[in-house]
Amino acid sequence: MNSKKLAAVGLAVTLSVSAVACNSTEEPEEAGAVAVEVQTPRTGELTVDTVYIGTVAPQEQVYVSPKTSGTVTETFFEVGDTVQEGDVLFKIDDEAAQLQMANARATYESAQAGVTAQNGGARDLQNYQTEEQIRQLKDSLWKTDDQIDEMEDNLGDLRDAGGALATAKEQAQAGVEQAMAAYNAKEQELGPQIDQKRGELNAAQDTVSELKRQIEKAEEEQIEILQAELAAAESSVNVISGELRQMSEELAGSKALKDQAQAGLDQINAQLYSIDASKTQLKSGIDQIESSQDTIRDNLNMAEQAYSITQSEIYPQTDAVSAAQLGSAAIAIDSAQMQLDFCTVTSPISGIVESVSVEKNGMAAAGNPAYIISNKESMTVTFHVAERAKNALSTGDHVTVEREGTEYDGIITEIGTMTNPQTRLFQVKATVAGAGASLPNGVSVKVYATTEKDAGKLILPYDSIYFSAGDAYVYCVENGQIKKTEVTVGLMSDTEAVIEEGLNADSQVVSNWSSKLRNGV
């Protein structure tokens, strides 16, 4: 019984009270009084359990079947043995699987060697050559830029020099014209005089020659006279020659000045021609270099595009093909390993061996159960309930499982959502941990499940409630008298009931029965 009683209080309930004086003896209890025990309602939860019949089964039970067929070479456990998860139960002849694995590994190694040869040193060399070509083309482009800059600087210098020479040429041209004018003037001045002097010189020379002939033929008395004349004539020749030489030298000097000015002009013209030739050569060189730059840029663009295509398209495609080849070879290894693993059959759980259907040197067939293993550390109890009870249950609720007088605590783990077509009941499963061999597989047990509950209500012991013509009432003590109080009863168990109306938490409810209980006593 879950009721919580207050300490029993013997209450003398009387219909009349006698006055007593101080220090007088207590009067005996009057007739009609009754001694009762009272308690206040408790506030809490009232539950009602329903008993069901359940069936016990291991929470984990596996049928271990091989995934390949073959001859059993070894077995390691018998019925009743305890196994741990991962323990080897038996082995199947794996010779064919070993051969398949060897072939798969050889295929993978061959594919790996091909990938290494294709993507290893050859790719590195190709990348190096292309990158080196790009570097050299960029260097050449930078060098040609430097060459063009230098040539343009030189071209500027030549333009400056040509400008200076053009000014000098104008000055030299003016000097030549002045020298030419002076020469022409001198020639006009001295030309006739020179011609005249030459005529005079010729005549004087002729006179000298004639006098010499005469002297040769003259008689002695005439020779002296002729010799005097000859001397005079020769003196005249010398004078005329000197004058002619002076005039010629003066004219030659003027011509020399003219020639010198012309030579200076010719030199300037030669320098200007040389500068023009150099400028033309430089411009031609710049054009050639710029043309070569276009070629270099084209080659650089082609090399960079080829490198980009190789890196972003060709190599990824090649790598994809290589990866596919290696992947296929790896899958073959995994497949061979799987077939090899199939030849060693292990336990998927820890538990007890319930059944063994293979033996050494016998055949194991794929898909046929060879071992049955149960984990009895936790057992599952299955029972069936009506819809009303199913709606009151929740996963995680506790239930009590009873077998042969021993109770075990269980927890609901599964509540079905469909009814059994025959019974129209819902299946419920509860887990019982630590029962071990006390709950063998397949036995029937009682399951106590809470199917009704009411919380936060006033609760009284069932024995404190009276019924008359279907109405419920209790006896309360108020001001020293018994008062019959009608109540509304809610959920009831075998020992307690919920009071919906009629009482409060402080109500003093008579909890023991007496034939003297009357309203107003």
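User: What makes E11 and E12 a pair of strands, and do they run parallel or antiparallel?

Analyst: In this predicted model, six bridges join E11 to E12, and the two strands run antiparallel. Pairing requires at least two bridges, and six bridges meet that requirement, so E11 and E12 count as paired. One position in the ladder is isoleucine 412, which stands opposite alanine 430 in E12. The two strands form a hairpin with six residues between them, and within this hairpin arginine 424 takes a positive phi near 60 degrees.

User: How do you know that E10 and E11 pair, and what lies between them?

Analyst: E10 and E11 are joined in the antiparallel sense over six bridges, and since two bridges are enough, they qualify as a pair. Valine 401 stands opposite tyrosine 408 in E11. This is again a hairpin, here with two residues between the strands, and glutamate 404 in the turn has a positive phi of about 55 degrees.

User: Which strands does E2 pair with, and what makes each of these a pair?

Analyst: E2 is joined to E13 by 13 bridges, in an antiparallel arrangement, and glycine 44 stands opposite lysine 457 in E13. E2 also pairs in the antiparallel sense with E9, over nine bridges, where the bridge partner of glutamate 60 is asparagine 375 in E9. The requirement is at least two bridges, and therefore both E2 with E13 and E2 with E9 count as pairs.

User: What makes the 23 residues a nonpolar core, and which of them have the most contacts inside it?

Analyst: The term is used for buried residues of the nonpolar kinds joined through side-chain atoms within 4.5 Å, and the largest set of this description has 23 residues. Those with the most contacts inside this core are Val385 and Val445. Elements giving two or more residues to the core are strand E2 (42-64), strand E9 (371-385), strand E10 (398-403), strand E11 (406-419), strand E12 (426-433) and strand E13 (444-461). Leaving out residues up to four places away in sequence, valine 385 touches Tyr52, Lys390, Leu393, Leu425, Phe426 and Val428. A second, separate core has 19 residues, among them Val64, Cys343, Val353 and Ala370.

User: Why is isoleucine 240 called buried or exposed?

Analyst: Isoleucine 240 has a relative accessibility of 8%, and because the cut-off for buried is under 20%, it is classed as buried. Its place is in helix H3. Not counting residues up to four places away in sequence, isoleucine 240 touches Lys197, Glu200, Leu201 and Ala204.

User: Which class does isoleucine 223 fall in, and why?

Analyst: Isoleucine 223 has a relative accessible area of 23%; buried means under 20% and exposed means over 50%, so the residue falls in between and is called partly exposed. Isoleucine 223 lies in helix H3 (residues 220-342). Apart from neighbours within four places in sequence, isoleucine 223 is in contact with Ile215 and Ala218. The C-alpha atoms of isoleucine 223 and glycine 520, which are 297 residues apart along the chain, are separated by 221 Å.

User: What makes E6 and E8 the edge strands of their sheet?

Analyst: The sheet is open, with four strands in the order E6-E5-E3-E8 and antiparallel pairing. Strand E6 (344-346) and strand E8 (363-364) each pair on one side only, and they are the edge strands. Strand E5 (residues 88-92) and E6 pair over three bridges, which satisfies the minimum of two bridges for a pair. Within this pair, the bridge partner of phenylalanine 90 is valine 345 in E6.

User: How do you know that E16 pairs with both E15 and E17?

Analyst: Seven bridges join strand E15 (residues 471-478) to strand E16 (residues 481-492), and three bridges join E16 to strand E17 (residues 496-501); at least two bridges are needed, so E16 pairs with both. Both pairings are antiparallel. Cysteine 476 stands opposite lysine 483 in E16, while the bridge partner of methionine 492 is alanine 497 in E17. E15 and E16 form a hairpin with two residues between the strands, where asparagine 479 takes a positive phi near 55 degrees, and the hairpin from E16 to E17 passes through three residues.

User: What makes the lining of the second largest pocket one nonpolar, three polar and two charged residues?

Analyst: The lining consists of Thr47, Val48, Asp49, Ser493, Asp494 and Thr495. Val counts as nonpolar and Asp as charged, and Thr and Ser fall among the polar residues, so the lining has one nonpolar, three polar and two charged residues. The volume of this pocket is about 160 Å³.

Technical notes: Residues are numbered from 1 along each chain as its sequence is written. This is a predicted model: local features need pLDDT of at least 70, side-chain atom pairs count only at pLDDT 80 or more; totals for chains, interfaces and linings use all residues. Side-chain values use heavy atoms; hydrogens and water are left out. Buried means under 20% relative accessible area, exposed over 50%, partly exposed in between (1.4 Å probe, protein chains only). Contact means heavy atoms within 4.5 Å. On a 1 Å grid over the protein atoms alone, a cavity is a set of points where a 1.4 Å probe fits but cannot get out, and a pocket is an open set with protein on both sides within 12 Å along at least five of seven lines; lining residues have an atom within 4 Å of a point. Grid points are joined across faces, edges and corners, and a volume is the space filled by probe spheres set on the points.
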